[in-house]
Amino acid sequence: MPVPFLRGDLDVLRVLLARRGTAPGARSDPHRVALVVGGGGMRGAYVAGMLHALERAGLRTGFDEVYGASSGAVSAASFLTGDADRCAAAYPEDLATPAFIDMRRLGTRRPVVVLDHLFTGVLCGTKPLPWEVLRDQPVPLHVVATDSADLTPHVLCGLDTVADWQRGLRASATIPLLAGPPVEHDGRRWVDGSVGEPLAMARALRGGATHVLALVCRPESEMHADADAGLSLWARALDRVVPGLGTIAQGSRRYGSDLRIVTDAAHPDRGPGHLMALGPARSVGMGALTVDRAVVAAAVAVGDESVAEAIASSSAAT
């Protein structure tokens, strides 16, 4: 089995394994454990496989709160409602299709990424998400979206009804230019959460988390070598034309920068918390807009295998 992309403190997994079989609100340990689920378009297939492995290992109820951005917020919603298996299956079965993503629509009046296919056709159709369960479940899901006015990230407030949750998840996933206009919610216009905050680890620590597990949708080989490089000139130019699009296109740099909080003990946002980032063990050639069904299925499998191996290694070391 391949070695997973793993950074940080194994104590995070140890605490989760010790919590197996317990429920939120019925634990005696002093920890607050947060799950941070990164987005990345169709690269979320890796993360969907990871969440399926966590669910299968009995670790879903070990978290006290969950943060998600973009496709990661949608996958996190499925995970919290006990439907990680259906989410993992949806990537190759329902999303790896031109009905969802087709670059031939670029420059036409139709969006390249059809979010109606995801939210109406899949989450309210072929792989229905139990929206009432999501609304009422005890572990909070913090949906991160980006304010289109200034590209700052925020956790969406006022998600009280099923319609609110559907709009909130859509707001976090809408990609500038590619997936239609910003989504209006709570008096603001929102775009993809990954623009402002791909991995909300610092936010989770500020919220009181003592242990944070972040799931990353890129293998180590696809991370930018220089985490401090910032956006390239072309990405900054694209951001000026379509705010946020260049930032999304340079996701390897954005993720690398966010992951510095895991590896740099002196990071200003670090604090005393225990952090772990877990990603796919190897690349299968996934891109944010990949719809090759075999590649997408392989990404789900790699994500699943990577978490299974990390859990096995942690269990053996305990």
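**Helix packing and the environment of Leu169**

Of the 318 residues in the protein, 56% are buried. The structure described here is a predicted model. Its secondary structure comprises 13 helices and nine strands. When contacts between residues at least 6 apart in sequence are considered, 76% join residues at least 24 apart.

Three helix pairs were examined, each of them involving helix 4, helix 5 or both. Two packed helices are described by the angle between their axes and the distance between the axes. Helix 2, spanning residues 44-56, packs against helix 4, spanning residues 84-95, at an angle of about 155°, and the two axes lie 8 Å apart. Because angles over 145 degrees count as roughly antiparallel, helix 2 and helix 4 are assigned a roughly antiparallel arrangement. Their crossing is left-handed. On the helix 2 side, the contact is formed by Gly44, Ala45, Ala48, Leu51, His52 and Glu55, which meet Ala84, Asp85, Cys87, Ala88 and Tyr91 of helix 4. By class, seven of these contact residues are nonpolar, two are polar and two are charged.

Helix 4 also packs against helix 5, with an angle of about 120° and axes 12 Å apart. The angle places helix 4 and helix 5 in an oblique relation to each other, and the crossing is right-handed. Ala90, Asp94 and Leu95 represent helix 4 in this contact, whereas helix 5 contributes His117, Leu118, Val122 and Thr126. The contact of helix 4 with helix 5 contains four nonpolar, two polar and one charged residues.

Helix 5 (residues 115-126) in turn packs against helix 7, at an angle of about 140° and with an axis separation of 11 Å. Since an angle must be over 145 degrees to count as roughly antiparallel, helix 5 and helix 7 are classed as oblique. Helix 5 passes helix 7 in a right-handed crossing. The residues in contact are Leu115, Asp116, Phe119 and Cys124 from helix 5, together with Gln166, Leu169, Arg170 and Ala173 from helix 7. Five of the residues in the contact of helix 5 with helix 7 are nonpolar, one is polar and two are charged.

Leu169, one of the helix 7 residues in that contact, was considered further. The residue lies in helix 7, which covers residues 162-173. Its relative accessibility is 1%; Leu169 is therefore classed as buried, given that the class requires a value under 20%. With residues up to four places away in sequence excluded, Leu169 touches Ala73, Val74, Ala77, Phe119, Trp131, Leu134 and Val143. Among these neighbours, Phe119 also belongs to the contact of helix 5 with helix 7. Between Leu169 and Gly193, the sequence separation is 24 residues and the C-alpha to C-alpha distance is 9.7 Å.

Cysteine residues were examined as well. The whole structure contains zero disulfides; thus no pair of cysteine sulfur atoms lies within 2.5 Å. Cys124, which takes part in the contact of helix 5 with helix 7, has a relative accessible area of 43% and is accordingly partly exposed, as this value falls between the limits of 20% and 50%. Cys217, by contrast, has a relative accessibility of 0% and therefore counts as buried. A further cysteine, Cys87, occurs in the contact of helix 2 with helix 4.

Methods
Residues are numbered from 1 along each chain as its sequence is written. This is a predicted model: local features need pLDDT of at least 70, side-chain atom pairs count only at pLDDT 80 or more; totals for chains, interfaces and linings use all residues. Side-chain values use heavy atoms; hydrogens and water are left out. Buried means under 20% relative accessible area, exposed over 50%, partly exposed in between (1.4 Å probe, protein chains only). Axes are lines fitted to C-alpha atoms, for helices over the stretch in contact, and angles run from 0 to 180 degrees between N-to-C directions. Helices (H or I, at least four residues) and strands (E, at least two) are DSSP runs, numbered from the N terminus. Angles under 35 degrees count as roughly parallel, over 145 as roughly antiparallel, 65 to 115 as roughly perpendicular and the rest as oblique. A crossing is left-handed if the near helix is turned anticlockwise from the far one by less than a right angle, and right-handed if clockwise. Contact means heavy atoms within 4.5 Å. Ala, Val, Leu, Ile, Met, Phe, Trp, Tyr, Cys and Pro count as nonpolar, Asp, Glu, Lys and Arg as charged, and the others, Gly among them, as polar.
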